[in-house]
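Have a look at the model below and keep it open while you read. We'll walk through it one piece at a time.

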Amino acid sequence: MLDVANTGTSPAPAGGAGGTARTSRLGGNALVFRLLRQRETGIIAVGIVLFVVFSLLSNGTFDSVQNWGGITSAAAELGIVTIGVALLMISGEFDLSVGANFSFSALVMAIMVQDHYPPGAALVVCLAIGAGIGLVNGVVTVVLDIPSFITTLGTFFLWTGVTLIVTGGETVTILPPTPTLLNVLGGVLSGQVRSELLWWLGLALAVGVVLQRTVTGNWFFAVGGKRSAAVEAGVPVARTRVLAFVACGVLAAFAGAVQLGHLGSMSASFGTTYQLEAIAASVVGGCALMGGRGSMLGAVVGTLILAMLDSGLILSGVSPYWYEAVVGVILVAAVAMHTRVGRLVRGGD
Amino acid sequence: MGVGLKPWFEARGVTKTFGGVVALDGIDLAFSPGEIVGLIGDNGSGKSTFVKIASGVYQPTRGQVFIEGKEVRFRNAADARRAGIETVHQDLGLVDSMSIVRNFFLGAELRRGPFLDLRRMRAETNKMLEEIGLGNLRDLGQDVSRLSGGERQAISIGRAVAFEKKMLVLDEPTSALSIAETEKVFEFMRRARDRGLAVVCVMHNLAQVRDVADRFVVFWHGKKVVDVANEGQGEEELASYIIKGKLSELGLSENAVGTGVLRALAQE
């Protein structure tokens, strides 16, 4: 388990009646109650159902080790981006520039490696650019008091434009021999397992520990849950919000570096849909749009469900064009499920 | 009783403006250890703005704040908490989506190395909840959103009391409580006073404030208009302080309108 402790039910009206003696419609079944209180429980169940359905429809190809190697590799970069986006959503903010950040940071890294700069230095520059983009997003949002949705929509266009200007729309390819660092980032570890899967799960675990077990993690939840209460408690709200933007920026840049390691090339067109997919994966995994709720376990499961849909539809003989439509339905269904289950657990409305 | 002791907290000429609106106008006010001061006044009189300045949420536009005679400038609520001021705000300052334990220690988390010391946080919360009569809240991991209004208020007050600082500020601490729960809150306030804390509470309910306060300070339109010791004044008399505040702003005296009119207004 990554982290599930701070992911209770949907918000109730302040000061609602009831309290400790309140019983839910679920009666006294404590285990079911506790499971349902975790927002991830429902979506894990949905994931299992999808797994079974696609396995049956694809005549055994969907649940093969080879296919799961592909699913997890394809999901890893989006998964790393989603970790940052989920962290930011927990803090009550959005970042629509992660896709542009992903390609711009990794393109700079690719150009540096191509020009024979040390790959380690290129990675540091890549991450620094990601941090810088996050810092700009955070400072502009906090200092100018602009909704992050607008700030990052603006920086999405800005960095997409800069990327096209720098590369002229061309793909940058790293010619062999591939530097060791790129293999560490996105190479094959053994069989179907690529290192990017380990990066994804390792980062999810690390960020999950930060969220659940550190003071800063507590502050991310507080700032996203009720900013005024965080201010009154003495939480450094502005610093915490900016930190969440920076973390999100660094993770998006790192995901770009991982993809560069995997493919050996980078283009301005890579990652352009990641911002919406990462928000969708976060929401499917239980992140509240208004902030204050969510987990890394949910972010991982949400990403995995999107990747399963992509692969499962194709292997089941369904046109891949259905992917977006199905994601849309799953997204709305997941939010409805989180809301309904939350109300059921509260035992009120 | 702390009345007459050297003040622990002192505001001198504190003014707060929001754009063109003057919310506080040159307030001089001091709080001493071992006293309960009731801040009373109509809506918009400036009581809550003063509380927010005392607790570091707002910074004064003009004027100075002193702690033990030394000037302080609170940049935020954390500064005020570090200086020894715990506050229960009107909105209770609770994050609905967070657990009781995490709310209890928000902004003052216990650490073990780089990590939260959740075990100690749970134990301390449990102990404090037992003390304030909420020991039946066994599931400390539950979200605050699942608690009743009274339980939420008790958690918020319990949190402030638990940290035992030098001054306790409560903004409408009993607004959502039953009579029994209100009496419990008063008991906390008295205990805090007896331990030598300065206790400041904003209240609308004049009957309640006369039960618990040692001193009354009346605000009217951002000004302090009355500052008197509790000498057993009745509710009507307290209400008349507010009316007198209104009259003084209009440039009228009590004699000008007559005692009868004043009493009638107070009864209203």
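Before we start, one bit of vocabulary: two residues are in contact here if their C-beta atoms, placed from the backbone, lie within 7 Å. Keep in mind, too, that this is a predicted model.

With that in hand, go to A:Leu251. Setting aside residues up to four places away in sequence, A:Leu251 touches A:Ile80, A:Val81, A:Ile83, A:Gly84 and A:Leu203. Three of these names come up again in the largest nonpolar core, which has 171 residues: A:Ile80, A:Val81 and A:Leu251 touch the most other members. Helix α11 of chain A, residues 237-263, gives this core its largest share, with 17 residues. Chain B contributes as well: domain 1 (9-233) and domain 2 (234-268) of chain B both give residues to the core, so it lies between them. As a general point, nonpolar side chains in soluble globular proteins tend to be buried together.

Now stay with chain B and its two domains, 9-233 and 234-268. Where they meet, domain 1 of chain B puts in 13 residues and domain 2 of chain B puts in twelve. On the domain 1 side, β3, α7 (206-212), β11 and β12 of chain B each supply at least two residues. Sorted by class, that side of domain 1 of chain B has eight nonpolar, three polar and two charged residues.

Some of those strands belong to a sheet, so let's trace it. Which order do the strands take? In chain B, the six strands of this open sheet run β6-β9-β10-β3-β11-β12, with mixed pairing. At the edges sit β6 (85-88) and β12 (223-229) of chain B, each pairing on one side only. On average, and ignoring direction, neighbouring strands are turned by 15° against each other. If you zoom in on one edge, β6(B) runs parallel to β9 (residues 167-171) of chain B, and four bridges join the two. One residue to find there is B:Glu86, whose bridge partner in β9(B) is B:Leu168.

Two helices pack on this sheet. Helix α5 of chain B (residues 149-162) touches β6 and β9 of chain B, and its direction makes about 175° with that of β6(B). Helix α1 of chain B (residues 47-54) touches β3, β6, β9, β10 and β11 of chain B, at about 145° to the direction of β9(B). Is α1(B) mostly covered or mostly open? It is mostly covered, with eight of its eight residues buried, among them B:Phe50, B:Val51 and B:Ile53. Just after α1(B), B:Gly56 takes a positive phi of about 85°.

Methods. Residues numbered from 1 in each chain as written. Chains lettered and ligands numbered in written order. Predicted model: local features only at pLDDT ≥ 70, side-chain atom pairs only at ≥ 80, totals over all residues. Pairing = 2+ DSSP bridges. Axes fitted to C-alpha atoms, helices over the stretch in contact; angles between N-to-C directions. Core = buried A, V, L, I, M, F, W, Y, C linked by C-beta atoms within 7 Å. Buried ≥ 20, exposed ≤ 12 C-beta atoms within 10 Å, placed from the backbone. Domains from an automatic or database assignment. Nonpolar A, V, L, I, M, F, W, Y, C, P; charged D, E, K, R; others polar.
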